[in-house]
Amino acid sequence: MVILLADAFAPDLPGRLAEFGEVTSDLARLEEAEVIIVRSKTKVDKAMIDKAPRCKYIIRGGVGVDTIDVEYAKSKGIAVDNTPEASSIAVAELAFALMIAMPNHLVAADNSMKQGKWLKKELERTELYGKTLGLIGIGRIGRELALRAKAFGMKVIAYDKYVATSDVAELTTLDEVYANSDYISLHTPLTDETRGMINAASIAKMKKGAYIINTCRGQVVVEQDVADALASGRLAGYATDVYHKEPPENSPLLGAPNVLCTPHLGASTEENLLRLGDAIVTRLKKYTGK
Ligand code: NAD
């Protein structure tokens, strides 16, 4: 069988998959592919599925299958899978890095030094110690972030519509998370319920000067509303790894003050690429019975 590796994975993955079939990254061979393996870059939409008549199995190396038209794939008899267990530590560490970078002005400090400025008085830092982190969604990634925040002496509260207990955070209502958090970190999937949930109305319920960290999905926030809240000082900062459109085009966030951006790097650690490889090999073993 032909296995199409459509996106970039660890360099050793093609070799590891060779025991299951012929591995190619040549998209021109889509028509021959029985298994298609993607990360975030390749969107498996109807048009792509129509060009893959032999496909029986699509695996997304990552959390969630929102980059795949699952209903259409299933209507064509194609199984769809993902590897949710692999990326939690990589994403949680990035969320933590973004959370610690904002109140320490790391980017402004570095930029100003390189412009020959010495902003020792101007760049006043604040500490994470004693602050409240509010998580929206406390699944795998939210849990890992909670553990790290507690090690820094933060109080961790969380709202999760589908989770009733937590050993790492005090569960509360969404409005309480908005009202009491100094930092709000988003860890839900993108669904009809979460799309646009961070908007002018929800920001108005937050503490003045709160920070938001978004490593889940760009569409969970209304970018224009976040940009407006940053411009007015209602929000102190917005750190994001994810955007409405990736790469962003004309996003109001790129011109807003106190925005810290990374280009969807959440899962991009060396270690996670190896874990993704392990998870994909496990799935192909099951699929082929080898
Ligand atoms: P998970 O499924 O373990 O946790 C998600 C949590 O969100 C669950 O506990 C669920 O109950 C909760 N939830 C769902 N709908 C909700 C709602 N309406 N309100 C409140 N909570 C709700 O997933 P995870 O592994 O922690 O990943 C979370 C998200 O992170 C993924 O869905 C994906 O979008 C994103 N992600 C981003 C990157 C990146 O590179 N930046 C990498 C991996 C995952």
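Q: Buried means under 20% relative accessible area, exposed means over 50%, and partly exposed lies in between; which of these does Tyr-287 count as?
A: The model shown here is a predicted one, and the class is read from computed accessibility. The relative accessibility of Tyr-287 is 29%, and what lies between the limits of 20% and 50% is called partly exposed. Tyr-287 therefore counts as partly exposed.

Q: With which residue does Tyr-287 form an aromatic pair that is stacked?
A: The structure holds three aromatic pairs. In one of them, the ring of Tyr-287 lies 4.7 Å from that of its partner, centre to centre, with 25° between the planes. Planes under 30 degrees apart count as stacked, and the partner in this stacked pair is Tyr-57.

Q: How many residues apart in sequence are the parts that the pair of Tyr-57 and Tyr-287 ties together?
A: Tyr-57 belongs to strand 4, residues 57-60, while Tyr-287 belongs to helix 10, residues 270-288. Because the two rings sit in these separate elements, their pairing ties together parts of the chain whose distance in sequence is 230 residues.

Q: Is Tyr-57 buried or exposed?
A: The limit that matters here is 20% relative accessible area, under which a residue is called buried. Since Tyr-57 has a relative accessibility of 6%, it counts as buried.

Q: What is the angle between the planes of Tyr-183 and Tyr-211?
A: Tyr-183 and Tyr-211 form another aromatic pair, with 4.8 Å from centre to centre. The pair links distant parts of the chain, as Tyr-183 is in strand 9 (residues 183-186) and Tyr-211 is in strand 10 (residues 210-214), 28 residues apart. Both of these tyrosines are buried. Their pair counts as stacked, with an angle between the planes of 5°.

Q: What distance separates the C-alpha atoms of Ile-213 and Tyr-178?
A: Ile-213 is a residue of strand 10, and its relative accessible area of 0% means that it is buried. Along the chain, Ile-213 and Tyr-178 are 35 residues apart, and the separation of their C-alpha atoms in space is 13 Å.

Q: Which residues come nearest to the ligand?
A: The ligand has 24 residues around it, and this shell is made up of ten nonpolar, eight polar and six charged residues. The ones that come nearest are Arg-140, Ile-141, Asp-160, Asp-241 and His-264.

Q: How far is a polar side-chain atom of His-264 from an oxygen atom of the ligand?
A: Polar backbone atoms also approach the ligand: one of Arg-140 is 2.9 Å from a ligand oxygen, and one of Ile-141 is likewise 2.9 Å from a ligand oxygen. For His-264, a polar atom of the side chain takes part, and its distance to an oxygen atom of the ligand is 3.1 Å.

Q: Which backbone nitrogen does the side chain of Thr-83 reach?
A: Thr-83 is placed in the loop between strand 5 (79-82) and helix 4 (88-101). With a relative accessible area of 0%, Thr-83 is buried. At 2.8 Å, its side chain reaches the backbone nitrogen of Gly-62.

Q: Which residue has a side chain joined to that of Thr-42 by a polar contact?
A: Thr-42 is part of the loop between strand 3 (33-38) and helix 2 (46-50). Its relative accessible area is 13%, so Thr-42 is buried. The polar contact between the side chains has a length of 2.5 Å, and the partner of Thr-42 is Asp-7.

Q: What kind of peptide bond joins Glu-246 and Pro-247?
A: Pro-247 lies in the loop between strand 11 (235-240) and strand 12 (259-261). Most peptide bonds are trans. Between Glu-246 and Pro-247, however, omega is about -5°, and the bond is cis.

Q: What is the phi of Asn-250, which is not a glycine?
A: Asn-250 is found in the loop between strand 11 and strand 12, where it is exposed, with a relative accessible area of 79%. Most residues other than glycine have a negative phi. Asn-258, in the loop between strand 11 and strand 12, has a positive phi of about 60°. For Asn-250, phi is also positive, at about 50°.

Technical notes
Residues are numbered from 1 along each chain as its sequence is written. This is a predicted model: local features need pLDDT of at least 70, side-chain atom pairs count only at pLDDT 80 or more; totals for chains, interfaces and linings use all residues. Side-chain values use heavy atoms; hydrogens and water are left out. A residue is near a molecule or strand if one of its heavy atoms lies within 4 Å of it. A polar contact is a pair of N or O atoms within 3.5 Å; within protein, one must be able to donate a hydrogen and the other to accept it, and residues adjacent in sequence count only if both atoms are side-chain atoms. Ala, Val, Leu, Ile, Met, Phe, Trp, Tyr, Cys and Pro count as nonpolar, Asp, Glu, Lys and Arg as charged, and the others, Gly among them, as polar. Rings of Phe, Tyr and Trp (its six-membered ring) pair if their centres lie within 6.5 Å; planes under 30 degrees apart count as stacked, over 60 as edge-to-face and the rest as tilted. Helices (H or I, at least four residues) and strands (E, at least two) are DSSP runs, numbered from the N terminus. Buried means under 20% relative accessible area, exposed over 50%, partly exposed in between (1.4 Å probe, protein chains only).
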